Amino acid sequence: MIDRRLLTLRTFASCGSIAATAELTGYSPSAVSAQLRELQQSLGMRLLLKEGRGLHLTATGRYLVEQTDGLVEECDRITSTMASVAGSTPIEFGLGGFSTAASSLLVPLAAELRATQPKVTVRVVEASPSRCLDLLLAERIDLAVVVATEADADVGSDSRVEETPLLDDPLDVMLPLDHRLAENSSVSLHELVGEVWITDAPGTAYRALFSSAFTAVGVNPKVQHEVTEWETTTALVGAGMGLGLVPRLASLAGSENVRRVPIAGPARPTRRIVAAARRGTATAPIIAASLAHLKDAARRLLSERLAENP
């Protein structure tokens with residue numbers, strides 16, 4: 001119902017380049033340029049100005065983009081209500097999420113939708129939280145599961161997005177089975193002073209969460225290994241090379257010589273996981289059903305992960 005050229009302009013306003021707009025929307029760069037030219041011509045107003053090798057929005061273009069937030073939301077709301085009244089389903093439905101959310105939450109949801117909505121083609125995209133939000137706003141996906149507290153994916157500050165809390169995902173400590181604390185029902189960060197740690201590289205959201213937890217209790221952890229994948233962390237812990245913090249959402253099933261133990265105390269690091277949809281779309285039947293499925297699955301996962309311990 002909304003002119004696709006206007007949606008392309010809104011995506012350009014968010015990412016700032018023709019190439020990035022093309023990548024997000026799925027159009028070719030030449031098609032994006034053509035759409036933007038046609039939109040300017042149809043309105044009889046200059047929306048973009050060439051500067052060097054790039055383009056940027058004019059004041060008129062910025063004003064147009066700002067004023068369309070409510071229009072797009074209302075259009076999505078009307079479309080969602082119509083789908084609810086008519087009992088219709090979309091032809092395609094896109095889901096996006098970061099790695100542990102994709103495997104733990106989105107894959108079961110996709111399987112459920114395939115069984116209950118056989119006429120819908122379900123697409124799953126695994127990407128960083130910020131990338132998922134970009135795809136959501138570009139209408140390449142319809143629902144995203146993200147870490148709300150990551151600096152580059154602040155869902156709550158974007159008025160175009162509506163969030164649904166799913167779970168507070170605590171980080172547990174991952175220990176080798178022969179560790180002195182492996183049989184404890186919980187541990188405090190103070191009990192882990194002097195241990196060697198395995199974590200992500202500086203500058204990442206996970207490393208920031210790791211560091212802030214220890215800073216809160218006045219401890220300076222000794223980081224010896226930097227890795228990016230949970231599988232590598234698990235292998236290093238299992239080999240007795242150090243300890244790691246692992247989100248409760250991440251499964252350790254099948255891992256050898258490792259045990260997860262909950263962290264006790266007020267400084268326990270936690271990630272806030274939410275589902276994000278474009279504002280106005282949450283009442284669409286397939287999105288409402290997906291949100292209900294995700295909330296139920298999130299509740300069950302927290303207890304099931306602890307049961308995976310050997």
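Two strands count as paired if DSSP finds at least two bridges between them. Helices (H or I, at least four residues) and strands (E, at least two) are DSSP runs, numbered from the N terminus. The model shown here is predicted: local features need pLDDT of at least 70, side-chain atom pairs count only at pLDDT 80 or more, and totals for chains, interfaces and linings use all residues. Residues are numbered from 1 along each chain as its sequence is written, and side-chain values use heavy atoms, with hydrogens and water left out.

**View 1. Welcome to the whole protein chain, with its nine helices and 11 strands.** Along the principal axes, the C-alpha atoms fill a box of roughly 75 × 50 × 30 Å. The protein chain has 310 residues, and 46% of them are buried (under 20% relative accessible area; exposed is over 50%, partly exposed in between, with a 1.4 Å probe and protein chains only). Counting contacts (heavy atoms within 4.5 Å) with a separation of 6 or more, 73% are between residues 24 or more positions apart. About 15000 Å² of the protein chain is exposed, and carbon and sulfur atoms supply 52% of that area (Shrake-Rupley method, 1.4 Å probe; for residues, only the protein chains shown count as cover).

**View 2. Strand β5 (residues 143–147) sits within the structure.** How many of the five residues of β5 are buried? Five of the five are, so this strand is largely enclosed by the rest of the structure. In a regular strand the side chains alternate between the two faces of the sheet. On one side of β5 you will find L143, V145 and V147, on the other A144 and V146, and all of these are buried, so that both faces are covered. Strand β3 (residues 92–97) pairs with β5 in the parallel sense, over three bridges. To spot this pairing, look for G96, whose bridge partner in β5 is A144.

**View 3. Strand β11 (residues 270–278) pairs with β5.** These two strands run in the antiparallel sense and share four bridges. V147 stands opposite I273 in β11, and V145 has A275 as its bridge partner there. Of the nine residues of β11, seven are buried, leaving the strand mostly covered. Strand β6 also joins β11, with nine bridges between the antiparallel strands. A handy landmark for that pairing is E163, which has A276 of β11 as its bridge partner.

**View 4. Strand β9 (residues 243–247) meets β6 and β7.** This strand is mostly covered, since five of its five residues are buried. Its two faces are easy to follow: L243, L245 and P247 lie on one side, G244 and V246 on the other, and all are buried. β6 pairs with β9 in the antiparallel sense over four bridges, while β7 pairs with β9 in the parallel sense over two bridges. G244 is a good place to pause: M174 stands opposite G244, and I198 stands opposite G244 as well.

**View 5. V187 lies in the loop between β6 (161–176) and β7 (196–199).** Is V187 buried or exposed? With a relative accessible area of 1%, V187 is buried. Setting aside neighbours within four places in sequence, V187 is in contact with V173, L181, L192, V261, P262, I263 and A264. For a sense of scale, R300 is 113 residues away from V187 in sequence, and their C-alpha atoms are 23 Å apart in space.

**View 6. T100 lies in helix α5 (residues 99–116).** T100 has a relative accessible area of 6%, so it counts as buried. Which residues does T100 touch? Not counting those up to four places away in sequence, they are L105, W230, L249, A250 and R271.

**View 7. Here we look at the cysteines, in a structure that holds zero disulfides.** A disulfide is a covalent bond between the sulfur atoms of two cysteines, and here the term applies to a pair of cysteine sulfur atoms within 2.5 Å. C75 is buried, because its relative accessibility is 10%. C132 is in no disulfide, and the nearest cysteine sulfur, that of C15, is 16 Å away. C132 is itself buried, with a relative accessible area of 0%.
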